[in-house]
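Subject: A structure for you to look at

Dear colleague,

I am passing on the structure below, together with some notes on what was found in it. Please keep it open beside this message while you read.

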Amino acid sequence: QVQLVESGGGLVQAGGSLRLSCVASRSIFSMNYVGWYRQAPGKQRELVASITSVFRTNYADSVKGRFTISRDNAKNTVYLQMFSLKPEDTAVYYCNIRNLALGHDYWGQGTQVTVSS
């Protein structure tokens, strides 16, 4: 079992920046997929960014050029660096790590990001 704790959310003005962190209770080295998702009120959860065990990244079109996902296996931590935040980025952001071949699929409880205009 792996527990994930997200942090770094908060209130920021449009154009500002935040860095979200997701700290795992155990090693994430074996997790071949790590992702950040977000869910705004009344909307479905959507993938924001993902990174694989070989550090290949993927981003939603809405955040390309503004957000960067990274992983530090030594620190058991996943990051989401967010620049040029927009009000439409307001959501609860969730960390997900998985290696389905090994039966691993874990989610954090989420951290609130609110971007004011």
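Both Cys 22 and Cys 95 are buried, and it helps to begin with this pair, keeping in mind throughout that the model is a predicted one. The two residues are joined to each other by a disulfide, with a distance of 2.2 Å from S to S, and the count for the structure comes to 1 disulfide. The link between Cys 22 and Cys 95 is left-handed, with an angle of -80° about the S-S bond. What parts of the chain does the pair link? The parts are distant ones, since Cys 22 lies in strand 3 (residues 18-24) while Cys 95 lies in strand 9 (residues 91-99), and the two cysteines are 73 residues apart.

Strand 3 also leads us to a sheet. This is an open sheet of 4 strands, which follow the order 1-3-8-7 and pair in the antiparallel sense. Strand 1 (4-7) and strand 7 (67-72) stand at its edges, where each has a single partner strand, and therefore one side of each is left without a neighbour in the sheet. Neighbouring strands of this sheet are turned against each other by 15° on average, if direction is ignored. In general, the strands of a sheet pair through backbone hydrogen bonds, in either a parallel or an antiparallel way.

Which residue stands opposite Cys 22 in strand 3? That residue is Glu 6, and strand 1 and strand 3 pair in the antiparallel sense over 4 bridges.

With best wishes

Technical notes: Residues are numbered from 1 along each chain as its sequence is written. This is a predicted model: local features need pLDDT of at least 70, side-chain atom pairs count only at pLDDT 80 or more; totals for chains, interfaces and linings use all residues. Side-chain values use heavy atoms; hydrogens and water are left out. A disulfide is a pair of cysteine sulfur atoms within 2.5 Å. Buried means under 20% relative accessible area, exposed over 50%, partly exposed in between (1.4 Å probe, protein chains only). Two strands pair if DSSP finds at least two bridges between them. Axes are lines fitted to C-alpha atoms, for helices over the stretch in contact, and angles run from 0 to 180 degrees between N-to-C directions.
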